[in-house]
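Student: Could you take me through one part of this model slowly? I'd like to see how you'd read it.

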Amino acid sequence: MRFAQSPIHLLNLGNVSLLICSVGILAAGCSKPSFEANRLAAASFLESQDQQKVDELAGSVGELVEQVFGPPDAPKWPENAPTAVDMAEVERCAGPVGRAYDKVERGLYRKHCVQCHGITGDGAGPAAALLAPYPRDFRRGTFKFKSTSIGSKPLRSDLVKTIEHGLPGTSMPAFGALRNRPEFEKDIESLAEYVVFLAIRGEVERRLLKRAVDSEETPSLEDAKRVAASVAELWVNASANVVEVPLIPDVPPAEYAASVERGKALFTSDQASCFKCHGNEGKGDGVSQDYDEWTKDWTIRVGIDPASKSEWKVMKPFGALKPVVDRSRNFHLGGLRGGSTEQDIVKRIVLGIDGTPMPAITVSETDPNAFNLENVFDLARYVASLTGVKPETEAATDSGTANSAKGAQ
Amino acid sequence: MVNPSDSALASGVNASQSSKVYRWAAFVSCLTFPLIWLGGLVTTHDAGMAVPDWPGTFGYNMFLYPVTTWLFGPFDLLVEHGHRLLASLVGLIAIILCFVARKHEPRRFGRIACWLLLLAIISQGILGGVRVLLDARVVALIHGCCGPLVFALACGIVMINSKDWKTAPKSIESNSLRWSLRILLVLTIVQLIMGAHLRHALPQWKPSLFLSFVHTHLLVAMLITGIIFAVFCTVISPKFRGVTGLRGPAAWLVGLVIIQVCLGVGTWISSYALPWQELNEFFARYTIDGRGFVETMIINGHQATGSLLIAGSLWLLCRVERRYVAAAAYGAVPAQVADATPRSLVR
């Protein structure tokens, strides 16, 4: 009776039992974060789903990579490898979040990125399965939006741009707001350094796995260091692969309309074949839809049909997420991930999008079978017109008209 | 059996004495809510370890830490140190509440509730400290789960000192409403735990574990929404026409759950965007503003409204329980004690 008068007993019982449950549930997740071995790549290279075999290979190579690059809380740079990252910044991004007595903030990666990209940078963070597209797996060393040619490493500025401006229509946020506070203003550059570190680490691991499968023997520490040096070299020399993208000129409205018409014709022509993926009207409903390279690595390339659940499911124990078709963009919705300005579109046409079915085109003023610059500009203007982006001259005219209207008022 | 003196006091012997407890308890509740908000901000900005020591702040006594460094220093330090200072204030007010209750609260369970609240606040403070000293996200999760429960307890103390608690007549026979609200309270707490897991998800978690928490969170959200609407329909039904004091809190719960569902959707979108970005132009063009003001407020609002839902459920449950057991309790009161109670209060 007395209990019935007091609501406290409800809280007591609830509080205590829920605390116990909570602690129980969490007991399994209290371990210190560690870099996970790339079991998916091991299974793919082995073309086997034998757990023991895969774990053995992935585990031994994982240990080797840990010796070279250190654990998540204490990263280190491989001896004798060319300096591809600023280790001071990498150390600031690694480890748990917080400030020490020096008031320097650490653990930036776990603060901003780990929920989606995971500790290892495998794109399999806790939230990954619910996101579309899936977060990027850095370990392949492939990045989509960059200034360098297909197959090359991106520049730091490319990664900084993605981190700062985010990717519209995806779960990748724009962290530009960090620039608004002096204590965080360099965080974006630091994060880009750590992303490169994880990418190098992951690619070294993949190469060592491949080497181990090909040579049927576990690589040595020296092998690992050599591979690390060669991968780091690629990043150091990334700027050599920058492709100069010509600036799209402003044209008068009449010429612009003609250019858009020419672009439309090109878009639906067999020469450009844009329509095959993007559809005749650029709605992303073309007949040819494909998977990205990250998915193909563990599916098509090892004889697994990504569309067949019974087939791809065998790779699930190794960390595979359900394969999803990398759908072509519906330009009418706008929000192009590589940027929505005409210049951004020119860049994407010329450079392609690495790791996806979007190819880079060859631009030549002499080869009649290749595209010339005018063709590229026409295509870019057409695509921009579908997204609703106005050419700069027209936008300027509009704002000028608006300003003069305001002035008149 | 009911202790006669307790029963007499429970029916409200001296309203002016108890109103002091009511006011101090309300003060604690009013301070605890912004404390929860600030705690949410600590989580949203991952500022839990912005200060490496505890109970000091960068080697200073917490209360002597330079104000200018706090206010104009790094944002995460501003939030974390502010959380600590406000928590200390809440603790101080809770101590005062206990002394006020010792002097002015004649009911034993009322005094115990106040001491329990103080104990809970102190435990929360220690948990927060342990989270810092061990740098353990798991402890942060438990700390985050307990915060709203402390707030609910403070609201519960306000409730048992309210005029309604002392004067509510027995007017409910139905057991189903009581049980619905009991289940609702438990579910809101379960939901709090699920939400805290999503907010504090450990980096080493597998996507499948996170997925299961999301699914459970959605399922419990549906159950809570259903129960709240069912409770609301019940209390406005003709069967409850003569029962006062339930419609208001039930309507508040309906309002809160609607806001909460909207904030929940907003929280997901502002954290991870929609997985169907081609749904329309807005989602295709939407770029999450990482650490942006609007995003932060939505996420924090979701967490804070969750706390209000727990407190609201408890509030309504107390009112229903009171209307169910009041007569039974009073029935056990000796005649002379009942006579000593002002009729207006007994009624």
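**Helices and domains up close**

Tutor: Let's warm up with chain B: the centres of its domain 1 and domain 2, taken over C-alpha atoms, are 21 Å apart. Domain 1 covers 1-167 and domain 2 covers 168-339 (the bounds come from an automatic or database domain assignment). Keep in mind that this is a predicted model, where local features need pLDDT of at least 70, side-chain atom pairs count only at pLDDT 80 or more, and totals for chains, interfaces and linings use all residues. Residues are numbered from 1 along each chain as its sequence is written, with chains lettered from A and ligands numbered from 1 in the order written.

Now for chain A and its helix α9, residues 187-215 (helices are DSSP runs of H or I, at least four residues, numbered from the N terminus). Its 29 residues should span 42 Å at 1.5 Å a residue, and the end C-alpha atoms are indeed 42 Å apart, so the two agree (the expected span is 1.5 Å times one less than the number of residues). α9(A) is mostly covered, with 23 of its 29 residues buried (20 or more other C-beta atoms within 10 Å; exposed is 12 or fewer, partly exposed in between). Right after α9(A) comes Glu216(A), with a positive phi near 60 degrees.

Next, look at helix α11 of chain A, residues 253-267, where you'll find Ala257(A). Ala257(A) counts as partly exposed because it has 13 C-beta neighbours inside 10 Å. Ala257(A) also sits 8.9 Å from Arg381(A), C-alpha to C-alpha, though 124 residues separate them in sequence.

Conventions
Helix = DSSP H or I, 4+ residues; strand = E, 2+ residues; numbered from the N terminus.
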